[in-house]
Amino acid sequence: MHYLRCITCGKRYEPTDIVYNCTCGSILEAVIDLNETQDVFDGNNPSVWKYQSFLPVTRRASLHEGGTPLYESQNLKGDFGYRRLYIKNEGENPTCSFKDRGMTVGVSKALELGMTKVACASTGNTSASLAAYSAHAALDCYVMIPSGKIALGKLAQAIIYGAKVIPINGNFDQALDAVMTASKAFGIYLLNSINPYRLEGQKTIAFEIYDQLGEVPDRIILPVGNAGNISAIWKGFKELKAAGITDSLPVMTGIQAAGSQPMVRMYKEGLDTLIPEKHPETIATAIRIGNPVSWLKAFNAVKESGGLMEAVTDEEILAAQRLLASTEGIFVEPASASSVAGMQKLLACGAIERDETTVLITTGHGLKDPNAVTESIKIMDPVDGDMNTLQRILGE
Ligand code: F0G
């Protein structure tokens with residue numbers, strides 16, 4: 001059995017309550033009975049549902065999510081002087097982002113509660129994922145997106161899976177406000193990461209890393225937007241330790257875009273509350289978020305793990321995206337490349353060590369946002385395909 005608990009005042013809620021915020025205004029987390037969990041960490045066939053004993057749902061709406069590769073870096077590792085550097089590539093999920101882990105559990109919960117309508121606000125990936133899982137589970141799906149500010153591939157996904165796409169005038173933060181009000185008013189189940197069941201699915205990233213690596217890494221580096229994923233992964237590692245399966249924890253390292261870095265400011269300025277950024281801007285549209293809803297969970301994850309937060313510029317993000325693709329053969333969207341850019345920056349200033357076992361989380365596939373590449377990297381002008389021309393170009 002599990003229950004929901006307010007992360008600030010500790011008030012308890014039951015699994016049948018449809019509730020996202022505590023009466024005190026703070027947010028909720030799921031509390032799992034770790035005595036009921038099973039040690040299935042044998043290195044074989046990782047997937048979200050392999051760890052079902054850690055998941056607080058009985059139904060299962062699945063598109064075979066999780067089980068993403070943990071690549072050992074071949075070339076970047078040496079370039080940066082690492083001994084052990086890994087890339088957990090979440091772009092290899094059914095809708096090509098880590099959101100599928102949260103949605104398989106969140107949509108299963110919607111079915112358990114008997115909900116027929118689901119909704120989210122999204123910078124793109126959440127909407128693509130919810131749309132797919134809703135199609136699979138035959139639920140009506142409504143997604144609110146910041147008008148003109150989501151990547152083309154993600155918009156195409158939401159449309160083709162049959163969601164009702166509602167562009168909102170404003171940014172993600174305004175779309176989230178709108179969907180939260182609408183879902184309460186119209187009895188629609190909200191599946192943004194303020195819903196604690198989403199994070200329960202996403203914590204399986206931690207389980208898979210441990211399962212695939214055979215040990216807990218020293219450091220996890222990942223992009224931070226609405227701040228759910230860093231919180232979820234930290235919860236996963238903490239549960240593994242509390243269940244007696246592991247005996248150490250990684251250091252959580254969160255990266256934001258320079259034009260959208262409210263959590264980095266909070267960390268660097270030593271604030272104890274978040275000051276939202278009113279006009280977030282970055283080419284990494286997935287993390288173009290000024291008022292992250294899970295800021296307190298993420299802040300606690302960084303603090304408890306002795307972690308840190310850093311910001312990277314759009315130029316650094318695009319360079320890192322190209323570097324990862326051209327050295328490792330892994331094409332990720334700009335937000336995901338911020339993990340790599342953050343690692344580079346933190347190594348350069350001596351804030352992190354090369355002898356650590358480090359896992360970079362790459363959160364979404366590069367093909368979701370092809371414009372980010374075609375608009376930033378120039379290809380040559382067209383030529384005739386005759387042998388003279390080709391000989392000149394190929395240098396024969
Ligand atoms: N990377 C990608 C590719 C994302 O799509 C997101 C979030 C993040 C990182 C940040 O994760 O919000 O848990 O801190 N995308 C959300 C969306 C907001 O609507 O798709 P977070």
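Select Val118 and Tyr189 to begin: Tyr189 in strand S9 is the bridge partner of Val118. The model is a predicted one, in which local features need pLDDT of at least 70 and side-chain atom pairs count only at pLDDT 80 or more, while totals for chains, interfaces and linings use all residues. Residues are numbered from 1 along each chain as its sequence is written, and side-chain values use heavy atoms, with hydrogens and water left out.

Widen the selection next to strand S6 (residues 117-121), which runs parallel to S9 and is joined to S9 by two bridges. Strands here are DSSP runs of E with at least two residues, and helices are runs of H or I with at least four, numbered from the N terminus; two strands pair if DSSP finds at least two bridges between them. Colouring the whole sheet shows four strands in the order S8-S7-S6-S9, an open sheet with parallel pairing. Strand S8 (164-168) and strand S9 (189-190) each have a single partner strand, so one side of each is left without a neighbour in the sheet.

Now colour the chain by domain: domain 1 covers 70-96 + 198-374 and domain 2 covers 98-196, with bounds that come from an automatic or database domain assignment. The C-alpha centres of the two domains lie 23 Å apart. Across the boundary, 32 residues of domain 1 are in contact with 31 residues of domain 2, contact meaning heavy atoms within 4.5 Å. Between them the domains bury about 2800 Å², 49% of it on carbon and sulfur atoms; buried area is the accessible area (1.4 Å probe) that two parts lose on being put together, summed over both. On the domain 1 side, select Thr95, Arg198 and Lys368, which lose the most area to domain 2 and together account for 31% of what that side buries.

For the polar features of this interface, show the side chains of Glu333 and Lys154, which form a salt bridge whose closest N and O atoms are 2.7 Å apart. Four salt bridges are counted between domain 1 and domain 2, each being a side-chain nitrogen of Lys or Arg within 4 Å of a carboxyl oxygen of Asp or Glu. Select then helix H6 (196-202), helix H7 (204-213) and helix H8 (228-242), each of which supplies at least two residues of the side of domain 1 that touches domain 2; H6 gives the most to that side, with five residues.

Finally, move to another sheet, where three strands form an open, antiparallel arrangement in the order S2-S1-S3. Its edge strands are S2 (12-13) and S3 (28-32), each pairing on one side only. Strand S1 (residues 2-6) is joined to S2 by two bridges, and Arg5 stands opposite Arg12 in S2.
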